[in-house]
Amino acid sequence: MFSARSASLARAIVPRAGVRTYAAAAAASAAPPKPPVALFGVDGTYASALYIAAVKESALESTDQSLRALKRTLDGDAKLVRIISSPTLSPADKSAIISVIAKSGDKTIKNLLEALAENNRLGMLGGVIDKFAVLMGAHRGEVEAVITSAVQLEPKVLSRLENAISKSQYVGEGKKLKVINKINSDIVGGLVVEIGDRTIDLSVSSKMAKLNKLLTDVL
């Protein structure tokens, strides 16, 4: 459910000039903008607030592009991730970091970073970006299927899985399927397929856990 906390954060994230612009438009609008799907967790709250702020600024696509670029920066700089995750950052350090990673000049993104920094949550930036991607997928009518395997799946295998999932009941009519292959050696073998809030666990590790429980109960 969309929370008052998200609305409060959205007001903090949206640029001041944008607030005045939106105020004029709001009078003609019966309902305020809402995220296309409900997200949970603190990172989901920030992502929802950012989505609302971007809608108010008519900047969803540009915000999405800026976040994708920021995600690539974080993925390529483990040291930066460790730094922003430090709970002992001083206000001066936070300001310096924000000035470095908000190079695009996007006011909405900068305000998001400042809101995270103010609440000592800069370390959640990666999670917020991932949750925002979920919102954008829903906005575009996409259904995301995450296929977790112990090793990278071959393109032919991934294509067959994508074809099977696209014909399943989990993908509604008119929806676009987006398949992501994640690697997790802990599952040993097999697959774990996640579509929306549904999880199909076909992993070897899951089968082993069930077998161990069965043996434990019997013995």
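Helices (H or I, at least four residues) and strands (E, at least two) are DSSP runs, numbered from the N terminus. With these terms, Val 188 can be placed in the loop between β2 and β3 (190–195). Its phi is near 70 degrees, a positive value in a residue other than glycine.

The structure is a predicted model, in which local features need pLDDT of at least 70, side-chain atom pairs count only at pLDDT 80 or more, and totals for chains, interfaces and linings use all residues. Residues are numbered from 1 along each chain as its sequence is written, and side-chain values use heavy atoms, with hydrogens and water left out.

**Overall make-up**

The chain has 10 helices and four strands. Along the sequence their order is α-α-α-α-α-α-α-α-β-α-β-β-β-α. Of the 219 residues, 36% are buried, where buried means under 20% relative accessible area, exposed means over 50%, and partly exposed lies in between (1.4 Å probe, protein chains only). The accessible surface of the chain is about 13100 Å², and carbon and sulfur atoms account for 55% of that surface. Such areas come from the Shrake-Rupley method with a 1.4 Å probe; for residues, only the protein chains shown count as cover. A contact means heavy atoms within 4.5 Å. Among contacts between residues at least 6 apart in sequence, 70% join residues at least 24 apart.

**Confidence**

The predictor's confidence in each residue is given as pLDDT, from 0 to 100. The chain averages 83, and 84% of the residues score at least 70. Among the elements, helix α2 (residues 16–26) has the lowest mean pLDDT, 40, and α3 has the highest, 93. Over residues 16–30 the pLDDT is below 50, and this stretch has six contacts in the model beyond near neighbours in sequence. Where pLDDT is low, the predicted coordinates should not be read in detail.

**Strands and a crossover**

Two strands pair if DSSP finds at least two bridges between them. Strand β1 (residues 142–149) and strand β2 (residues 176–183) run parallel and are joined by eight bridges. One bridge partner of note is Asn 181 in β2, which is matched with Ile 147. Together with helix α9 (residues 155–166), β1 and β2 make a right-handed β-α-β unit. A crossover is right-handed if, with the strands pointing away from the viewer, the path from the first strand over the helix to the second runs clockwise.

**An aromatic pair**

Rings of Phe, Tyr and Trp (its six-membered ring) pair if their centres lie within 6.5 Å; planes under 30 degrees apart count as stacked, over 60 as edge-to-face and the rest as tilted. The whole structure holds one aromatic pair. Tyr 51 and Phe 132 form this tilted pair, with 6.3 Å centre to centre and 50 degrees between the planes. Tyr 51 belongs to helix α3 (residues 41–56) and Phe 132 to helix α8 (residues 125–139), so the pair links distant parts of the chain, 81 residues apart. Both Tyr 51 and Phe 132 are buried.

**Single residues**

The table gives the relative accessible area of three residues.

| Residue | Relative accessible area | State |
|---|---|---|
| Thr 108 | 3% | buried |
| Ser 206 | 13% | buried |
| Ser 58 | 69% | exposed |

Thr 108 is in helix α7 (residues 107–118), and its C-alpha atom is 8.5 Å from that of Glu 57, 51 residues apart along the chain. Ser 206 is in helix α10 (residues 204–218). The C-alpha atoms of Ser 206 and Gly 190 are 9.3 Å apart, with their positions 16 residues apart along the chain. Ser 58 is in the loop between α3 and α4 (60–75), and its phi is near 55 degrees, a positive value in a residue other than glycine.
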